[in-house]
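Reader: I am new to this structure and would love a short tour. Could you take me through a few of its features?

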Amino acid sequence: MSLDRSPSPHEGGGWSSPGLTAPLEEGNGRLRGGSPSKKYGDLNGAPGHVTWASAKANSARVTGHPSYQSQNEGFFMRHMRRVSSGLPYLSDRARYAEKEKLGRGRPAGRIDWKELPRRIGLLVSRRRKHVAMLLLLVLMIVLFFNPSVNHIYRRTSWLGGGSKFVIILGANIGGGVMEWKGPREWAIERDSVKNKKRYAAEWGYEMEIVDMSTKKRYAHEWRESWEKVDTIRNAMKKYPDAEWFWWLDLNTFIMEPTYSLQSHIFNDLSKTTYRDINAYNPLDIQHPPNGTSADVNAPKYVNYLDPESLSPVGDGDPNSINVVVPQDCGGFNLGSFFVRRSQWTDRLLDIWWDPVFYEQRHMQWEHKEQDAFEYLYTNQPWVRPHVAFISQRKINAFPSGACGDDRGVPAGGCNRFKPSDSEEVGKYECGLQGIHYQEKERDFLVNMAGCEWGRDCWGEMYNFRQLSNRLNRSRWEKFKDWLHDTVKGPKPVQGPYLQQGQRQ
């Protein structure tokens, strides 16, 4: 018997299928059962012939799931279906199949980076975009405040640029030349080193700690503090990719670790420095220097010198600045200064460290390598065009009274002065003549220079460390202090060297 479908002989019957419309016959010619058409009827319930559509509908009723209808079917069907359609499909078969698919052919615990873009695309699909945006925001916050990530980001040359800077700290491990260190000296070194390490780690800078007490370059003469010249030369060899080298004495403390060297100084070197020494000249160095021509009729300051050496600002290009040094009330101060890698710098360091040069004047130079650099600047015209000066309070502020009287700052701060108010600026610790540390101005670094001569180095270091911690408190710490002051009153002053009325 053919199973091909044929038109139904009945009117409106559509296409009939053999075996559904014809009764089943046994071998003796009798029917095997009643006619399906009489038993089931058509789709509308009327007795008649069975069509293909009616048989399919009847089969669906048998194999399908029974339906459940509640009295409040309209409400549940309208709302619960929307909720359930958004839930994940929790079929055991799908879950096990998905696990087998994801784990096939790859070791456990490893990330398939090729699948990462596809998974990210699934994550930001229409149904999951809000969750994905929230997770992305949390991830960005975590990465932004993670110290390790900050260090890597700020260290890169094309983002933060921290790898271009090297901090050189001249430590004194084991004591000085004539004496061993006591507990206070150890405490000073511990606080100073910890302060510099934290700052370098925060901004991605290199950190080089040098022992200044155990190295003798020449056996016949101890050249303590002259070692910094040779140390800078060795640091340039050790860090070939660095550009700027920042020398710091041990008795220094970074008060504002939130200031980066880039934003504080080097992003606009032409504005943060000045090259004309006549602007602030405590040593009364003559500039431009006199020539030595035998022609008495030659114009003053001309003779053999080139125009760049005669100019008070050199070539005016900040890229030609190779040394940045502050000036205190006594002249150049090398407790905190910057040196740039260049051929000119190599030449300067070679002459500066030369033993013949040292032997000529070392008995006359009270401040050793500092006086030697002043001598080079005064007597060597080729040195001046590449040296720039910076305000003392910018990178090397002194404690109160370390260099004369502390004149303080006006009520409105130093920013209220205009360039034309030169006479008024000189009455305060403002401008190029500002030397002493000012808490209101949030100076970057303090140098306790000369504290070993009649002052207490440990007491000053302790006070400035506590002050820096107080000034750089978080908002939560400030709130706790405010709450404590409101309920129990201000905390008692700790430390014998804090100024009256100053909280720790």
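Reader: Happy to start with one residue: is L250 buried or exposed?

Author: Keep in mind that this is a predicted model. Buried means under 20% relative accessible area. L250 has a relative accessible area of 14%. Because that value falls under the cut-off, L250 counts as buried.

Reader: Where along the chain is L250 found?

Author: Two strands frame this residue, β5 (244–248) and β6 (252–254). L250 is found in the loop between β5 and β6.

Reader: What distance separates the C-alpha atoms of L250 and E189?

Author: Along the chain, L250 and E189 are 61 residues apart. In space, the separation of their C-alpha atoms is 6.7 Å.

Reader: Which elements do the buried residues of α9 pack against?

Author: Helix α9 covers residues 227–238, and its 16 Å reach from first C-alpha to last is close to the 16 Å expected. Its buried residues include V229, I232 and M236. The partners of these buried residues are β3 (165–171), β4 (206–211), β5, β10 (336–340), α13 (343–353) and α15 (369–379).

Reader: What is the volume of the largest cavity?

Author: Searching the whole structure for cavities of 30 Å³ or more turns up 2. The largest cavity has a volume of about 50 Å³.

Reader: How many nonpolar, polar and charged residues line the largest cavity?

Author: Among the residues lining this cavity are R275, H287, E308, Y377 and V387. Sorted by class, the lining comes to 5 nonpolar, 4 polar and 3 charged residues.

Key
Residues are numbered from 1 along each chain as its sequence is written. This is a predicted model: local features need pLDDT of at least 70, side-chain atom pairs count only at pLDDT 80 or more; totals for chains, interfaces and linings use all residues. Side-chain values use heavy atoms; hydrogens and water are left out. On a 1 Å grid over the protein atoms alone, a cavity is a set of points where a 1.4 Å probe fits but cannot get out, and a pocket is an open set with protein on both sides within 12 Å along at least five of seven lines; lining residues have an atom within 4 Å of a point. Grid points are joined across faces, edges and corners, and a volume is the space filled by probe spheres set on the points. Ala, Val, Leu, Ile, Met, Phe, Trp, Tyr, Cys and Pro count as nonpolar, Asp, Glu, Lys and Arg as charged, and the others, Gly among them, as polar. Helices (H or I, at least four residues) and strands (E, at least two) are DSSP runs, numbered from the N terminus. Buried means under 20% relative accessible area, exposed over 50%, partly exposed in between (1.4 Å probe, protein chains only). The expected span of a helix is 1.5 Å times one less than its number of residues. Contact means heavy atoms within 4.5 Å.
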